[in-house]
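Here's a walk through a protein you may not have met before. Take a look at the picture, and then let's go through it piece by piece.

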Amino acid sequence: MSDPILSVEGVVKRFAGVTAVDGAGLSVGAGEIVGLIGPNGSGKSTMVNMVTGEMPADSGTFRFDGRDITALPAWRRARLGMARSFQMLRLFGSLSVEDNLLLARHISMKRSMWESVLGARPAREEEEAVRARARELLGWFDLAPFADRKVTALSIGQQRMVELARGVIADPRLFVLDEPAAGLSPPNVDRLIALIRRMRDEFGISILLVEHDMRVVRDLCDRVVVLDSGTKIAEGPPAAVTQDPVVVEAYIGR
Ligand code: ADP
Ligand code: MG
């Protein structure tokens, strides 16, 4: 097998009185969809926050696309091709849907925010290409009719789609999704599953997915990693892992 796109080992994170992540590791192969599951409080969000660099680890090593990123801050990991979505959406609510995408693209490009804001304006052709890509993705995510609407005017389901489109426009190699199905109606969960699969199949994006909804996990994931009290207790194909007595016990024992 080729080298994993993401490989994390021996991660520890302590908060006052709690060891949230206690030596766990995980990897995501190129083009793989990996689920990170476990009971509430098992350390999933803490783990992904350390993967993306939002939170420093107490110890552990993080490798992305063949390089050691342990010491890199979140924005540098993003520039190397890591995107993420948040359980609580973080969109620019007062901007239009299209402007949210354009802004995400500009921030992800290899120039500083100051250059984008103050001058050194991108060439006209580049600007046109970014707009064309934004429109293409809006169509792809069924958002074309809402391109000019403010994000706050959209339903939660549509806002989740904007969040995904915003990640994809940065051309990530890895997309880290924290509970993308939270708050979605069953038909929207079906659409989400199809879109995440297409993100991998058509754009080759590898995915690390934290998810509570076991239907999403079973339908999408090639492999799952199960955390309990910050430790990895199981790993394997979703059908096998979700029937593993150790995993069932971890969920029920709380
Ligand atoms: P999960 O996402 O699996 O529900 P979390 O990673 O959010 O779990 O939390 C793991 C543990 O760490 C929990 O016991 C939680 O209370 C604790 N924890 C998480 N974030 C903080 C923090 N910022 N300060 C203190 N404790 C935290
Ligand atoms: Mg969480």
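**Two domains and what lies between them**

Let's begin where the two parts meet: 5 residues of domain 1 are in contact with 5 residues of domain 2. On the domain 1 side of that meeting point, you'll find 3 nonpolar residues, 1 polar and 1 charged. Keep in mind that this is a predicted model. The protein chain splits into domain 1 (1–81 + 173–183 + 205–254) and domain 2 (92–171). Measure from centre to centre, using C-alpha atoms, and the two domains are 27 Å apart.

Next, the inside. The largest nonpolar core has 65 residues, and the ones that touch the most other members are Val34, Leu36, Met47, Val51, Ala165, Leu208 and Leu209. Both domains take part in this core, with at least three residues coming from each of domain 1 and domain 2.

Pick out Ala165 from that list. Leaving aside residues up to four places away in sequence, Ala165 touches Leu101, Leu137, Leu138, Phe141 and Leu143. Ala165 is also one of the buried residues of helix H6, a helix that runs over residues 156–168. From its first C-alpha to its last, H6 reaches 19 Å with its 13 residues, close to the 18 Å expected at 1.5 Å a residue. Is this helix enclosed or open? H6 is largely enclosed by the rest of the structure, because 10 of its 13 residues are buried. Among those buried residues are Gln159, Arg160 and Glu163, alongside Met161, Val162 and Leu164. What do they pack against? Their partners are strand E6 (82–85), helix H3 (97–108), helix H5 (124–140), strand E7 (174–178) and helix H7 (186–203).

Now over to ligand 1. Around it sit Phe15, Val18, Ala20, Gly38, Asn40, Gly41, Ser42, Gly43, Lys44, Ser45 and Thr46. Sorted by class, that shell has 7 polar residues, 3 nonpolar and 1 charged. Strand E2 (18–28) and helix H1 (44–52) each supply at least two residues of the shell, and H1 gives the most, with 3.

Just past H1, in the loop between H1 and strand E4 (59–64), is Ala57. Ala57 counts as buried because 20 other C-beta atoms lie within 10 Å. Residues far off in sequence can still meet in space here: Ala57 and Lys13 are 44 residues apart along the chain, yet 5.5 Å apart from C-alpha to C-alpha. Not counting residues up to four places away, Ala57 touches Val11, Val12, Lys13 and Met50.

For a contrast, try Asp3, in the segment before strand E1 (6–15). Asp3 is exposed, with 11 other C-beta atoms within 10 Å. Asp3 and Gly29 are 26 residues apart along the chain, and their C-alpha atoms are separated by 6.9 Å.

Finally, two backbone oddities. Most residues other than glycine have a negative phi. Asp171, though, has a positive phi near 55°. You'll find Asp171 in the loop between H6 and E7, where it is partly exposed, with 14 other C-beta atoms within 10 Å. Ser229 isn't a glycine either, and its phi is positive too, at about 45°. Ser229 lies in the loop between strand E9 (223–228) and strand E10 (231–236). With 17 C-beta neighbours inside 10 Å, Ser229 counts as partly exposed.

Definitions and conventions:
Residues are numbered from 1 along each chain as its sequence is written. Chains are lettered from A and ligands numbered from 1 in the order in which they are written. This is a predicted model: local features need pLDDT of at least 70, side-chain atom pairs count only at pLDDT 80 or more; totals for chains, interfaces and linings use all residues. A nonpolar core is a set of buried Ala, Val, Leu, Ile, Met, Phe, Trp, Tyr and Cys residues joined through C-beta atoms within 7 Å. A residue is buried if 20 or more other C-beta atoms lie within 10 Å of its own, exposed if 12 or fewer, and partly exposed in between; C-beta atoms are placed from the backbone. Domain bounds come from an automatic or database domain assignment. Two residues are in contact if their C-beta atoms, placed from the backbone, lie within 7 Å. A residue is near a molecule or strand if its C-beta atom, placed from the backbone, lies within 6 Å of it. Helices (H or I, at least four residues) and strands (E, at least two) are DSSP runs, numbered from the N terminus. Ala, Val, Leu, Ile, Met, Phe, Trp, Tyr, Cys and Pro count as nonpolar, Asp, Glu, Lys and Arg as charged, and the others, Gly among them, as polar. The expected span of a helix is 1.5 Å times one less than its number of residues.
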